[in-house]
Amino acid sequence: MVGYLLLINSALKEHILSLREQEKKRLREKFEFLAHGIWDAGVRVKKLRGITSKVIFEARSSKGERILFTLGRHGDFTAIYVWGIVKHDDIGSEAQAILPSNTPFLQFEPFAQEELPEVIIDELPNDYFSQEAIEEKTPEDYGPQKWHVLSDEEWKRLLLAGEKDNFDLHLFLTEEQKKVLELEPPVLLSGTAGSGKTTIAVYYLLRKEFINKRRIFLTYSHYLKRFSERIYDGLVRHTELEKSASRPDFYVFRDLIHMILKNSNREFDESREVRLREFKDLFSSHSLSKKYDAELVWEEIRSIIKGAKPSLSVQRYRKLAASWLAGEISRSAIAELRDYLLGLKNFKFTERIERFIEKKTVYSSYDEFASDIYSGLTGARGDAPFVIEEVLKAVEKKAHSFSSPLLSFEEYRMLGKKRAPNFLYDRRDIYSIAEYYQGRLEEQGLWDEIDLTRRAIKLLGTSGDTFLYDLVVCDEVQDFADIQLSLIFRLTGSCRRVLLAGDTKQIINPSGFRWEEVKDKFYERGIQVPEVLTLNLNFRCVGNIVKLSNALLDLKARFVGLSGSELREEWKFNGKPPCLVYGLPENEITRSTELVFTIQEAKGLEFDAVLLWHFSRDPKAEKFWRKIKDEHYFDRSHLPHIRHEINLLYVAVTRARNNLIIYDGEESSDVWEVDKERRPSYGLATCLLTVGVGTAGQLLFRASLLPRCGRVLQERRKHGTRRAR
């Protein structure tokens with residue numbers, strides 16, 4: 001027996017929410033016919049002209065109202081896509097349409113139409129099922145849509161919901177997205193911009209086995225945290241979960257750190273914190289400040305030289321080891337002991353311990369020993385106590401290695417190209433800056449985010465179960481330094497109960513993140529290593545914007561190379577090309593904008609129209625882009641800048657759903673001219689519609705694109721207000 005999926009788009013959902021209860025009930029009665037595969041009140045079937053070849057059904061729901069829908073196949077189900085409602089007034093010809101604004105095909109002239117007194121969907125000819133699957137590319141007849149599944153349970157919620165409610169229906173998902181939700185944790189999810197990874201991460205919080213358990217959602221962005229929280233609250237609105245005491249915690253990582261400190265009565269004076277702006281002030285007094293970009297040096301120090309240094313304490317290890325040997329240790333303390341042992345692998349002296357284990361014990365590797373500590377029984381057992389004591393001796397001899405918040409220079413050098421790709425040939429310089437910076441912090445009683453994370457990890461060991469969760473979901477995981485990931489894994493007693501979602505193409509705060517390093521954390525703990533699932537279909541952006549993002553990927557591949565997880569994106573809707581504008585007055589460009597974000601702030605968000613403002617205003621960036629364009633050559637010192645600039649630009653352009661407008665000032669930037677002459681069929685310029693002074697296109701731009709530009713992304717580098725973590 002064929003089943004039916006009744007789907008409505010977001011525009012129709014908002015219309016139903018605005019109706020009075022009686023109107024909702026009347027509409028539900030009509031929709032129930034469709035949900036059972038029939039319509040008995042008269043249907044007009046329209047076969048459209050042009051590239052769309054769609055068959056539209058106009059089902060009469062009352063004397064002056066018609067419901068518009070198309071049909072498609074979805075596995076064993078017939079999918080009924082309800083596009084909207086058209087109402088005719090009593091006079092006759094004038095129509096009020098409740099339809100998405102980006103569906104021009106609904107206005108196309110039919111080349112054939114017929115009137116049917118009733119429709120039994122199962123008996124219709126195959127060519128009437130004209131709606132493509134949600135994963136398929138579509139002709140240029142409509143733009144991105146969000147389709148919601150309208151089941152009986154969702155109708156019950158709709159009847160209770162009001163227009164001003166924070167209310168949402170579950171989305172109609174692709175098979176790849178459903179697969180993620182069906183997997184047991186741990187789950188690693190790599191998703192391109194617009195692939196739905198954030199939505200899937202929030203949906204994962206609703207898995208039945210975790211509903212009455214402790215759950216936490218973590219991210220780095222306040223905006224993304226509020227966005228995700230709103231999705232969750234909208235999905236549980238008017239359900240039994242709405243008043244549940246087990247609602248997940250939603251945290252920005254920084255706020256979680258402060259909660260851990262506050263729980264132990266340890267609060268830091270925020271006026272003493274050093275962020276990028278304060279670092280720039282400190283760095284300006286260093287002799288190398290003119291040679292290196294302050295922002296990239298800052299990220300190298302916080303994410304690599306400080307962020308890759310594990311948080312270890314000789315005193316804490318001694319206490320944990322003694323408890324384990326005595327057989328008087330909790331499960332969470334055993335997990336902490338295991339993490340200490342694994343953290344030691346970052347130190348060079350552990351090589352001697354590894355050789356000792358392989359030659360003198362039953363263990364084949366250090367990792368096997370650490371895993372056995374966690375999975376085995378506590379107390380004296382085989383060779384484990386012997387190794388525990390040998391590790392303690394080595395640790396006490398090297399106590400000075402733990403006291404410094406920095407990696408040693410040798411440890412920094414050993415991280416290699418993959419872990420720390422920036423400054424490969426300048427590490428001595430960068431390390432001297434790190435030592436200078438850390439010295440200034442200690443002299444002036446200052447601290448930074450990594451210092452705070454290190455302190456929080458130590459306090460977790462004395463916090464009991466206060467910050468122990470049954471499920472940890474982390475979005476934008478690529479933004480986290482190694483020590484921050486260590487804290488995230490400590491939030492769950494078992495590293496199995498995590499979902500980590502991210503996109504290496506969106507690393508705009510160079511963290512040294514690699515999926516391979518994350519997978520190693522499971523391997524080291526004796527847990528079956530999960531595969532990294534990939535979502536590379538961009539539902540958010542129209543195809544012409546995706547083509548620009550793919551061109552950026554090609555550019556990155558040529559100049560600095562790609563990681564294995566940086567894949568080209570697919571798209572469903574072609575849409576308008578991005579528009580590069582120059583020559584118009586700035587006040588005319590910005591007259592109808594609504595919100596202003598830095599690129600960092602806009603990560604994870606999306607808008608119908610985006611204005612990218614003065615991306616290349618920074619003199620340093622402008623200089624090396626010009627060098628690349630004119631000479632087709634760049635010094636190796638430019639590699640970190642190029643990688644950083646391309647990632648920033650990728651994040652910026654993929655915030656736009658339909659309209660992307662780029663404005664660099666009176667003249668367009670050299671960024672858009674790279675490869676234009678040498679490779680005219682490639683490069684960024686081939687993806688753009690250029691609108692300059694005196695062109696006919698400028699009139700079109702003024703009349704159509706500009707008034708609809710409702711959002712701004714602004715790169716305010718010149719004034720030093722570009723935000724970083």
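**Surface patch.** I looked for nonpolar surface in this predicted model and noted a patch of about 210 Å², made by F33, I38 and I120. I38 sits in strand β2, residues 38-39. I then checked its exposure: I38 has 34% relative accessibility and therefore counts as partly exposed, since that class lies between the 20% limit for buried and the 50% limit for exposed.

**The open sheet.** I next traced a sheet of 6 strands, which is open, has parallel pairing and follows the order β13-β12-β14-β15-β11-β16. Because β13 (249-252) and β16 stand at the edges with a single partner strand each, one side of each has no neighbour in the sheet. From one strand to the next I recorded an average twist of 15°.

**Strand β11.** I went through β11, residues 187-191, and found 5 of its 5 residues buried. V187, L189 and G191 point one way from the strand, while L188 and S190 point the other way.

**Neighbours of β11.** I followed the pairing of β11 to β15 (residues 498-502), where the two strands run parallel and are joined by 4 bridges, with A501 of β15 as the bridge partner of L189. β11 also pairs with β16 (residues 532-535), again in the parallel sense and over 4 bridges, and here S190 has T534 as its bridge partner. Moving on from β15, I noted that it pairs in the parallel sense with β14 (residues 471-474) over 3 bridges, and that V472 is matched with V498 in β15.

**Helix across the strands.** Finally I looked up helix α21, residues 515-524, which lies across β11, β15 and β16 and runs at about 175° to β11.

How values were computed. Residues are numbered from 1 along each chain as its sequence is written. This is a predicted model: local features need pLDDT of at least 70, side-chain atom pairs count only at pLDDT 80 or more; totals for chains, interfaces and linings use all residues. Side-chain values use heavy atoms; hydrogens and water are left out. Patches are made of residues with over 30% relative accessible area and no salt bridge: like charges are joined within 9 Å, nonpolar side chains (Val, Leu, Ile, Met, Phe, Trp, Tyr) within 5 Å. Accessible areas come from the Shrake-Rupley method with a 1.4 Å probe; for residues, only the protein chains shown count as cover. A salt bridge is a side-chain nitrogen of Lys or Arg within 4 Å of a carboxyl oxygen of Asp or Glu. Buried means under 20% relative accessible area, exposed over 50%, partly exposed in between (1.4 Å probe, protein chains only). Two strands pair if DSSP finds at least two bridges between them. Axes are lines fitted to C-alpha atoms, for helices over the stretch in contact, and angles run from 0 to 180 degrees between N-to-C directions. Contact means heavy atoms within 4.5 Å.
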